[in-house]
Amino acid sequence: AASDLVFVVEARRKSGSMLTAGIASKLNKTVCTLPASPAMSYAQGSLDLVFDGAFPLREHLDLLSLVSLTARHAS
């Protein structure tokens, strides 16, 4: 079974992580990411995901809340 939540830690703009996040989004899966500084080229894709509607995570509690929310919606 496919996951209902995709967590992208950091991603370049052209990366497998971005492809995975794009497919997950098209399949109506929840996408979340850990934002980074715009100066970090290896994480600019993660910032793009936030602008495209992914949930930005500030701390581990944000991730736990999303996991719980996603699990309730899947039931």
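Visitor: Which residues form a nonpolar patch on the surface?
Guide: This is a predicted model, in which local features need pLDDT of at least 70, side-chain atom pairs count only at pLDDT 80 or more, and totals for chains, interfaces and linings use all residues. Residues are numbered from 1 along each chain as its sequence is written, and side-chain values use heavy atoms, leaving out hydrogens and water. A patch takes residues with over 30% relative accessible area and no salt bridge (a side-chain nitrogen of Lys or Arg within 4 Å of a carboxyl oxygen of Asp or Glu), joining nonpolar side chains (Val, Leu, Ile, Met, Phe, Trp, Tyr) within 5 Å and like charges within 9 Å. With about 240 Å² of accessible area together (Shrake-Rupley method, 1.4 Å probe, only the protein chains shown counting as cover), the patch is formed by F7, V9 and L34.

Visitor: Is V9 buried, exposed or partly exposed?
Guide: Buried means under 20% relative accessible area and exposed over 50%, with partly exposed in between (1.4 Å probe, protein chains only). Because its relative accessibility is 44%, V9 counts as partly exposed.

Visitor: Where does V9 lie?
Guide: Helices (H or I, at least four residues) and strands (E, at least two) are DSSP runs, numbered from the N terminus. V9 lies in the loop between β1 (5–8) and α1 (16–26).
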